[in-house]
Each structure stands twice: as C-alpha cells, then as structure tokens.
Amino acid sequence: MTQFIKGQWVPGLGHDVTSKNPATNEVIWSSKTATPEQVNTAVDAARDAQFDWFMLGFDARLAIVEAYRTQLEENKAEIAEVIAQETGKPQWETATEAGAMIGKIGLSVAAYNKRTGYSENDIPAGRAVLRHKPHGVVAVFGPYNFPGHLPNGHIVPALLAGNTVIFKPSELTPKVAELMLKLWEKAGLPVGVINLVQGELETGKALAAHPQIDGLFFTGSSRTGHILHQQYAGEPGKILALEMGGNNPLIIKGVENTKAAVHDIIQSAYISSGQRCTCARRLYVEKGAQGDALLELLASAVKQIKVGAWNAQPQPFMGSMISEVAAKGMVEAQRNLLNLGGESLVELTHLEAGTGLVSPGLIDVTNVIELPDEEYFGPLLQVIRYSDFDEAIKLANSTRYGLSAGILADSREDYDYFLARIRAGIVNWNKQITGASGAAPFGGVGASGNHRASAFYAADYCSYPVSSVEADVVSLPANLSPGLSL
Ligand SMILES: NC(=O)c1ccc[n+]([C@@H]2O[C@H](COP(=O)([O-])OP(=O)(O)OC[C@H]3O[C@@H](n4cnc5c(N)ncnc54)[C@H](O)[C@@H]3O)[C@@H](O)[C@H]2O)c1
Ligand SMILES: O=CCC[C@H](NC(=O)CCC(=O)O)C(=O)O
C-alpha cells in the first residue's frame, strides 16, 4: 500500500517500481506507481478537504502540525535511518536532516506570523485589515538529495497557511515519503488534507498538469523546473515556486589560514557527496605560490576524505551517491572536462560496480576555453586559476545560474567588493557555502529559481494577501463629496 489518497493507503495501479539502497544495490521498497486516474482522485480529495481545513483556523491547524512535530521527534532515529538507507548518505548527516525537519515546524510558525498572518491599523475611514488566505490545493514535488527536509519545507508552511497538499516525491526516495505520510496520518490530519502519489514522469506530469491545482512548489533540477515554468506560462492565477540547481562559485583571495580555507572548501564541495544544490562547483584560486600551496593542501585533504556505506563505522564523510547511474554520470562529466583540456588533480573514481560509491575528484580547468555551464551534481570540484580579482568575479558570474556563491578572504573590503558584484541568492563570507539556515530565505536567481525563495520566505508563496477596509456599521462621512446631497 503505497499511495495515500483520501485518508487511505491504497496500492498503486500503474507499473512496478523499486527503491534500492545505492551502497548495496539491495531493494528496500517496491510497489506500483500512481496512475493519472489516481492522481485525479488525490486532487479531488484535496479539493474536497480544503475549505474545511482552512476554516478550522490557524490554532487548530497548528495543533496538528505540532502533533506531527512530536511524531518526528519520537521517530527521529527511524527517519534518519530510512533516509540513510535510501539515499546512501552517512548516518551523521541524515540525523542532521531529521533534526532540520523538526526545526522546520518552529521556523514555519515564526515565518507565518512574521511574513503573513494578521494585522490591522486604524485609518480615517475605519480600519485597514490585512489577512492572508491559502491558495487552495497545492502540489509539492521533492528531490532525492534531501527527501525529508526539502519537501517538508514546502508541506509544513503550506498546511499551516490552510492549503491542502498532494505530495509527489522523487521516484528515487519513495520510502522516506511513505514514512513522512505515516507520521502525518498519526498526527491526525483530516482526510484529504495531505495525499501522496508515488511515481515517475507519468505521475509527475499528470499532477503538474491537473487543472484543479492552484499552486506547485518544486525543488529539483533546473531542467525540470524550466519544463514546469513553460507549462505554467499563461496561468497567472497559479503560483509556481521553483527551487533549482546551481553552478556555484567560491573565490579564494588573501587567506592566511590555509588549513581553515581547505576545510571550508571541502565542506562546500564534497558534503553529501556533492549532491547539494548549494555545493561549490567552481573554485577560483589566485595564480602564484600562495595559490599553489593551497591547492597542494587541498588535493592532499581530498585524497584523504573517507567514503563509505551509510552505516560504515567509523562513519565516512561521504556516503554513496544516489545511484550507480549518478556515479557513472560523474565519471562521464570528468572525462568530458579532461577531453576539453582539464587536468586532473585528484581523480574521481567509481569505487564499486553496481553502487553509487565514488571517490571525490578535483580538476584544474583553467585551460578549458569554453567551460560548460553545467551543474555536475556530485563530488567533482573544478579549479580555475585567476590573475586579478575582477577577472575572478567576472568568471564567477559567467553562469546562467545564481544560487550560492562565496569568498574566503581575510579582507572585509574584498568581501564588500565581491558582495556588490556577485549575482546569487546566497552569498557567504569566510564560511562554507552549503548548510544554509532555515531562519533565512533560501533561493537563487537566473536558472536557479523564479524569485519565490523558500525556507523562511516559504510562507510568502503559501498564501495571498487580502486587504480590507472595514467599519462596524455603515455611516455617513462627516463631509459629503462635492456635488452630492442626501
Ligand atoms: N534550490 C534548491 O532548493 C534545491 C534543493 C535540492 C536540490 N535541488 C536540485 O535538485 C536536483 C536534484 O534533484 P532531482 O534529480 O531529484 O531533480 P528532478 O528535477 O529530476 O526531480 C524533482 C522532482 O520532479 C519530478 N519530475 C521530473 N520531471 C518531471 C516533469 N517533466 N514533470 C513533472 N515532474 C517531474 C521528479 O519525479 C521529482 O519528484 C539538482 O539539480 C539540485 O541542484 C535544488
Ligand atoms: O540541496 C539543496 C539544499 C541544501 C541546503 N539548504 C537548505 O537546507 C535550505 C534551508 C531550508 O530549506 O530550511 C544547504 O544549503 O545545504
């Protein structure tokens, strides 16, 4: 029973699908996909439930969301374990993801109150009141790299605002989604308020194209996000929030503590086996002896990064990539860069056939004339040597994306110069560029997003403002307009 539709667990009526642990190739979940007809039923259920859910009022909705938080807390270890088994991420990292899911509740409540909620002001004509209403029925599409935390970051604020939800998780992480829905069910969500449809392209397309969807909140690749954007052209009444990938630059300039810089670079480029949208993909290092020394230390540290299965002890820094296909894709990306003139500093290798285990790679692409503006979603960092700061910033901005960017530099002046010129939604100074805070807005520009940032600003796309001028009784104004007599 893998679809949760209208408060019931029902089998999918589509074709067979499985989910595998990418470190062992073992099947950990199998089922059938939801058909377009089942998607219709899920949307109908969400539509039927929506007005009553909204009319329950914020406090009653919050009580259920709080009960979900209790479920998350009580099942934190299981959530972390299922995410680890299904994504290949090491347990220390998935414990953090489960923690972020719990933390999202408090942050979403704070954001609801701060960004939306209710306010009123006395005005000469009466009272100006600002309220927010939910869009209605929204679809949430999730990626595989944070299968719990990122869809949770859409679902929680959407429900708090009074929307009902149809959740379509990544086809690579159905087991995590199933567990999340079981916890929502235990929290006591009314029938139809949240629905789960599992499947691949056919299911996703049926949901995205459904005429009864009022909004779609998407986290995933830029390629899919662009398809959805085109699909929603001419639909101004539907809200579309797109959180997509990046080709993120990190510049190193005038850093005394080389070891600390190497640590920040590794945390930026290789965490989650490079499978974070915020990961550094391009590293700009000044030409000269200082840059050479930094790269030498970096290459040595990269070679020492421990890679292993989700449950290996002692724990590795990098787990498996999501699949063997993804691992082979990174080997192919490296080959392509080498063919274009790149020079390998540390080779990325596929460690075990049939798995997503790869070692981290570092490649100098300074001599590549036309560097592809691609998001290689894995642990391969491209190094570019630069002669002057303006050149580094210009190269850093040479991308159609604009998600995250950073500079490691001991001079505040350099940071201010960079901050003014770099084009990205997340810009860090002397800190890794991954690990963004949910207490801040999260989103990119260009091909990385559509200016509907998530995290703390998710509240904004979950409702629309309703402005009212109100008075308790109908009354005549003190002075009538010229030309009127009553
Ligand atoms: N900006 C962010 O917040 C953020 C966060 C995490 C991941 N990402 C990005 O996500 C990508 C990795 O995730 P992914 O590979 O799961 O993304 P993806 O685009 O392949 O899939 C995301 C979701 O869209 C669905 N989908 C795919 N094609 C579809 C279509 N034509 N119509 C409707 N639905 C469709 C998938 O089934 C899945 O549920 C990377 O590019 C990464 O940078 C971005
Ligand atoms: O893979 C992309 C997201 C990575 C992650 N970002 C967040 O968690 C944003 C904060 C939030 O949504 O609460 C990161 O920056 O590492």
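In this predicted model, the chain has an average pLDDT of 97, and 100% of the residues score at least 70. For the complex, the predictor reports an ipTM of 0.97 together with a pTM of 0.98.

The second largest pocket encloses about 260 Å³ of space. Its lining is made up of 16 residues, among which Tyr284, Val368, Ile369, Leu371 and Leu395 lie closest to the pocket centre. Three elements of secondary structure, namely strand S13 (280–286), strand S16 (380–386) and helix H12 (389–396), each contribute at least two residues to the lining of this pocket. When the lining of the second largest pocket is divided by class, eight residues are nonpolar, three are polar and five are charged.

A separate site was examined around Val469, which belongs to strand S21, the segment spanning residues 463–470. The relative accessibility of Val469 is 60%, and because residues over 50% are classed as exposed, Val469 counts as exposed. Once the neighbours within four places in sequence are set aside, Val469 is in contact with Ile123, Ala125 and Arg127, so that this exposed residue of strand S21 still has contacts with residues distant from that sequence window. With respect to Ala177, Val469 is separated by 292 residues in sequence, and the C-alpha to C-alpha distance between Val469 and Ala177 in space is 43 Å.

Terms used:
Residues are numbered from 1 along each chain as its sequence is written. Chains are lettered from A and ligands numbered from 1 in the order in which they are written. This is a predicted model: local features need pLDDT of at least 70, side-chain atom pairs count only at pLDDT 80 or more; totals for chains, interfaces and linings use all residues. Side-chain values use heavy atoms; hydrogens and water are left out. pLDDT is the predictor's confidence in each residue, from 0 to 100. Helices (H or I, at least four residues) and strands (E, at least two) are DSSP runs, numbered from the N terminus. Buried means under 20% relative accessible area, exposed over 50%, partly exposed in between (1.4 Å probe, protein chains only). Contact means heavy atoms within 4.5 Å. On a 1 Å grid over the protein atoms alone, a cavity is a set of points where a 1.4 Å probe fits but cannot get out, and a pocket is an open set with protein on both sides within 12 Å along at least five of seven lines; lining residues have an atom within 4 Å of a point. Grid points are joined across faces, edges and corners, and a volume is the space filled by probe spheres set on the points. Ala, Val, Leu, Ile, Met, Phe, Trp, Tyr, Cys and Pro count as nonpolar, Asp, Glu, Lys and Arg as charged, and the others, Gly among them, as polar.
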